[in-house]
Every structure is written in C-alpha cells, then in structure tokens.
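Here is a short set of exercises to work through with the model open beside you. Try each task on your own before you read the solution.

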Amino acid sequence: MSLIKELIFPEYNQQKALSVLLLLARIVFGAMFLSHGVAKWMALENLSYSFPDPLGVGTTLSITLVLFAEVVCSVGVIFGALYRLCLIPMIITMCIAFFVIHSGDAFAAKELALLYLVLFVLMFFAGPGRYSIDAMIRRMII
C-alpha cells in the first residue's frame with residue numbers, strides 16, 4: 001500500500017524553482033490539451049457520427065473516453081490532483097492518435113500527437129511538484 005501512496009503522492013524535494021517550472025508546465029500544457037477537449041465537446045453532436053473508433057468499442061464510447069482524457073484529466077493535471085493517474089489516459093489517447101489514427105498520415109499531421117505524448121510522458125516522470133493538490137494531500141496523509 002505504501003508503494004501505491006509513493007507512486008500517486010511522491011515526495012517532493014525539488015528546489016522551488018523546479019516546482020514553479022512544473023506548475024507552469026502543468027498549467028500551460030494542461031490548458032492547451034483542455035482546449036482540444038472543449039472544442040470536441042462543443043462539436044459533440046457532429047462528431048458523434050464521424051468520430052473514429054480505433055478500439056472497436058463504438059463511436060459513442062470512443063468519444064467519451066477521449067473527452068474524459070482531454071477535459072477531466074486535463075483539469076486534474078492543471079491542479080496537480082491525482083496527477084499521474086490523470087496523465088495515464090492522456091498518454092494512452094496520444095498513443096492511439098499517433099500510432100493508430102494518424103499512422104498512415106504524413107509526419108506533419110501526427111506531429112502534435114507525438115509532441116503531447118512526449119510531454120505527457122516527461123511530465124509523468126517529473127511529477128507535479130510541490131505546488132499541487134497531490135503535494136498537499138501527501139503532507140496530510142503521510
């Protein structure tokens with residue numbers, strides 16, 4: 001159980017400058033990814049007929065999973081709440097976008113998905129920093 005706590009709420013011994021940098025990265029990249037989700041949400045009626053179904057689970061569930069990753073998980077990343085758990089669906093979404101949806105496209109068409117994928121993986125390993133809800137939770141429970 002303590003291993004799970006350490007994974008979800010790791011110790012943050014970073015310098016303050018690094019934690020500020022992680023905070024800025026969370027806000028900027030979380031907000032950018034959130035904007036993609038909000039745009040999809042606003043066009044949901046039109047997208048529900050044409051959205052790809054790469055996993056074979058149906059168009060409705062596919063777009064629901066993408067909206068969860070792009071809206072709900074982006075908000076979690078911005079605030080640093082269950083940060084690493086929120087990044088997992090975002091990473092999976094970008095893997096599917098890069099390796100499945102845009103697999104036959106020119107690199108320029110899949111470049112953004114790769115950029116987000118690399119950023120989210122790096123952010124996963126860096127953690128949210130000391131200025132996050134996860135850090136506050138850690139101070140309360142550990």
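**Exercise 1. Decide whether Leu-82 is buried, partly exposed or exposed, and describe where it sits.**

Solution. Start with the relative accessible area, which for Leu-82 is 41%. Next, recall the cut-offs: buried means under 20%, and exposed means over 50%. Leu-82 is therefore partly exposed. Now find its place: Leu-82 belongs to the loop between helix H4 (59-79) and helix H5 (83-101). Finally, look at the backbone, where Leu-82 has a positive phi of about 50° although it is not a glycine. Keep in mind that this is a predicted model.

**Exercise 2. Describe the overall build of the protein: how many helices and strands does it have?**

Solution. Count the elements to find seven helices and zero strands. Reading along the sequence gives the pattern α-α-α-α-α-α-α. For the dimensions, take the C-alpha trace, which spans about 45 × 30 × 25 Å along its principal axes. Then turn to burial: of the 142 residues, 37% count as buried. The protein exposes about 8200 Å², and carbon and sulfur atoms supply 74% of that area. As a last step, consider the contacts with a separation of 6 or more: residues 24 or more positions apart account for 72% of them.

**Exercise 3. Find the largest nonpolar core and say which helix supplies the largest share of it.**

Solution. Begin with a general idea: in soluble globular proteins, nonpolar side chains tend to be buried together. Here the largest nonpolar core has 18 residues, and Val-77, Leu-87, Met-90, Met-94 and Phe-120 touch the most other members. Helices H4, H5 and H6 each supply at least two residues of this core. The largest share, eight residues, comes from H5. There is also a second, separate core of seven residues, which includes Ile-63, Val-66, Val-71 and Ile-78.

To see one core member in detail, select Met-94. Leaving aside neighbours within four places in sequence, Met-94 is in contact with Phe-33, Ala-113, Tyr-116, Leu-117 and Phe-120.

**Exercise 4. Describe the largest pocket: how much space lies in it, and which residues lie nearest its centre?**

Solution. The space in the largest pocket comes to about 520 Å³. Its lining has 26 residues, and those nearest the centre are Val-66, Glu-70, Thr-93, Met-94 and Ala-97. Helix H2 (16-42), H4, H5 and helix H6 (107-126) are the elements that give two or more residues to the lining. H5 gives the most, with seven residues. Sorted by kind, the lining residues are 19 nonpolar, four polar and three charged.

**Exercise 5. Work out how far apart the C-alpha atoms are in two pairs: Ile-92 with Phe-79, and Val-121 with Ile-91.**

Solution. Take Ile-92 first, which lies in helix H5. Ile-92 and Phe-79 are 13 residues apart along the chain, and their C-alpha atoms are separated by 20 Å. Now take Val-121, which lies in helix H6. Val-121 and Ile-91 are 30 residues apart along the chain, with 6.9 Å between their C-alpha atoms.

To finish, classify Ile-92 and Val-121 by accessibility. Ile-92 has a relative accessible area of 46%, so it is partly exposed. Val-121, at 28% relative accessibility, also counts as partly exposed.

Technical notes
Residues numbered from 1 in each chain as written. Predicted model: local features only at pLDDT ≥ 70, side-chain atom pairs only at ≥ 80, totals over all residues. Heavy atoms only, no water. Helix = DSSP H or I, 4+ residues; strand = E, 2+ residues; numbered from the N terminus. Buried < 20%, exposed > 50% of the residue type's maximum accessible area, 1.4 Å probe, protein only. 1 Å grid on protein atoms, 1.4 Å probe; cavity = no way out; pocket = protein on both sides within 12 Å on 5 of 7 lines; lining within 4 Å. Points joined across faces, edges and corners; volume = space filled by probe spheres on them. Nonpolar A, V, L, I, M, F, W, Y, C, P; charged D, E, K, R; others polar. Core = buried A, V, L, I, M, F, W, Y, C linked by side-chain atoms within 4.5 Å. Contact = heavy atoms within 4.5 Å. Areas by Shrake-Rupley, 256 points an atom, 1.4 Å probe, with all protein chains shown as cover.
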